Structures are given as structure tokens and as C-alpha cells.
Amino acid sequence: NGTFVINGTSGTITLARTLDARVQSSYVLSVRAADGGTPSLSSFVTVVVTVVAVKYPPVFDAPVVSRFVREDTTIFTLLYVAHATDRDPVVYTLANTTQTTFAINSTGYLILTAPLDAEVIVQYRLIIQANNSVYIANQSVLIYVLNVV
């Protein structure tokens with residue numbers, strides 16, 4: 001089908017185009033070798049090529065983002081939507097956090113889950129992780145709480 005090329009002299013099998021495991025995960029090739037003598041002798045061999053998907057880490061649009069949030073912002077307000085580029089599905093989570101002021105869903109929507117008070121905490125540093133099941137990428141989100149007089 002034009003995917004592989006076999007050198008007629010050396011028998012080396014090479015690629016004629018790029019493979020994609022998402023399209024086809026394996027190929028079965030039947031190769032015949034002949035000696036060209038009289039009488040001609042030949043033999044067949046089956047070659048199985050397994051295509052392994054190559055994964056790369058997700059890439060965030062920016063390594064650090066800042067958001068300024070008024071302390072009177074209502075609970076469940078959307079504060080930020082994380083976005084990482086990847087060929088595979090990405091799941092978002094908050095890393096290493098015990099805080100309960102913010103939450104993120106698997107699609108990257110960061111929301112406020114508790115009241116803010118600029119007199120108590122003026123800045124939060126959150127780490128959003130994007131996971132494609134093999135690699136994890138991090139993005140820092142700085143939340144600055146604005147005092148409302």
C-alpha cells in the first residue's frame with residue numbers, strides 16, 4: 001500500500017511515509033527473497049511491524065498566569081480556563097494542594113469555592129497540572145485578592 005519500501009539488493013525495509021498508531025497499529029508484510037539462479041530458489045518470510053504511539057508532554061499557552069479577583073466575588077464564579085495543547089485528551093487537576101478555596105474540573109475550569117478575604121490572604125499560588133496519561137505539565141496561576149472598601 002506504499003507504506004514500506006524494500007531494497008531489492010539488501011532486503012532492507014524502510015518507511016515510505018510517516019506511521020500513526022492512531023490510524024493503524026500494526027502491519028503484516030509478506031516478503032519473498034529469490035536468488036535468481038537456475039533453477040531459481042526462493043523463500044517467504046512474514047514480517048510484523050508494530051507501531052507504537054509516541055507521546056509528548058502537554059504544552060500550556062503560558063507557564064504563569066495572573067488573575068485579579070475582588071474579595072466580594074461570589075462562590076462558583078469561573079476565574080480561569082486552563083488550556084494545554086496536546087494530540088491526546090488532557091485532564092486538569094490542582095497539584096499538591098490542601099486548600100479548599102479553589103477547584104478545577106477535568107476540562108480546566110477553575111472556580112472559586114469559598115469566600116475570599118483580602119485582609120487574611122492577598123495572594124494564592126495554584127499549580128494546575130495537565131495530564132495526558134503519560135506526561136504531566138504544570139502551569140502556575142497567581143490569584144491576587146483585591147480588597148473591596
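**Close-up views of a predicted model**

**View 1. Aspartate 20 sits in a loop.** Aspartate 20 has a relative accessible area of 25%, so it counts as partly exposed (buried means under 20% relative accessible area, exposed over 50% and partly exposed in between, with a 1.4 Å probe and protein chains only). This is a predicted model, where local features need pLDDT of at least 70 and side-chain atom pairs count only at pLDDT 80 or more, while totals for chains, interfaces and linings use all residues. Residues are numbered from 1 along each chain as its sequence is written, and side-chain values use heavy atoms, with hydrogens and water left out. You'll find aspartate 20 in the loop between S2 and S3 (strands are DSSP runs of E, at least two residues, and helices are runs of H or I, at least four, numbered from the N terminus). Setting aside neighbours within four places in sequence, aspartate 20 is in contact with Val51 and Arg87 (contact means heavy atoms within 4.5 Å). The C-alpha atoms of aspartate 20 and leucine 41 are 36 Å apart, with their positions 21 residues apart along the chain.

**View 2. Leucine 19 is in the loop between strand S2 (13–15) and strand S3 (26–34).** Is leucine 19 buried or partly exposed? Its relative accessible area is 22%, so leucine 19 is partly exposed. Beyond its neighbours within four places in sequence, leucine 19 is in contact with Thr3, Phe4, Tyr27 and Val51.

**View 3. Here is the largest pocket, with a volume of about 150 Å³.** A pocket is an open set of points on a 1 Å grid over the protein atoms alone, where a 1.4 Å probe fits, with protein on both sides within 12 Å along at least five of seven lines; lining residues have an atom within 4 Å of a point. The volume is the space filled by probe spheres set on the points, which are joined across faces, edges and corners. Leucine 19 and Asp20 are among the lining residues, and so are Val51, Tyr56 and Arg87. By class, the lining has seven nonpolar, one polar and three charged residues (Ala, Val, Leu, Ile, Met, Phe, Trp, Tyr, Cys and Pro count as nonpolar, Asp, Glu, Lys and Arg as charged, and the others, Gly among them, as polar).

**View 4. Two of the four aromatic pairs get a closer look.** Rings of Phe, Tyr and Trp (its six-membered ring) pair if their centres lie within 6.5 Å; planes under 30 degrees apart are stacked, over 60 edge-to-face and the rest tilted. Phenylalanine 4 and tyrosine 27 have ring centres 5.2 Å apart and planes at 80°, so this pair is edge-to-face. The two rings link distant parts of the chain, with phenylalanine 4 in strand S1 (residues 4–6) and tyrosine 27 in strand S3, 23 residues apart. Phenylalanine 4 is buried at 18% relative accessible area, and tyrosine 27 is buried at 7%. Next, phenylalanine 68 and tyrosine 144 have ring centres 5.1 Å apart and planes at 20°, so this pair is stacked. Phenylalanine 68 belongs to strand S6 and tyrosine 144 to strand S13, 76 residues apart. Phenylalanine 68 is exposed at 59%, whereas tyrosine 144 is partly exposed at 25%.

**View 5. The largest nonpolar core has 24 residues.** Such a core is a set of buried Ala, Val, Leu, Ile, Met, Phe, Trp, Tyr and Cys residues joined through side-chain atoms within 4.5 Å. Phe60, Tyr92 and Ile128 are among the members that touch the most others.
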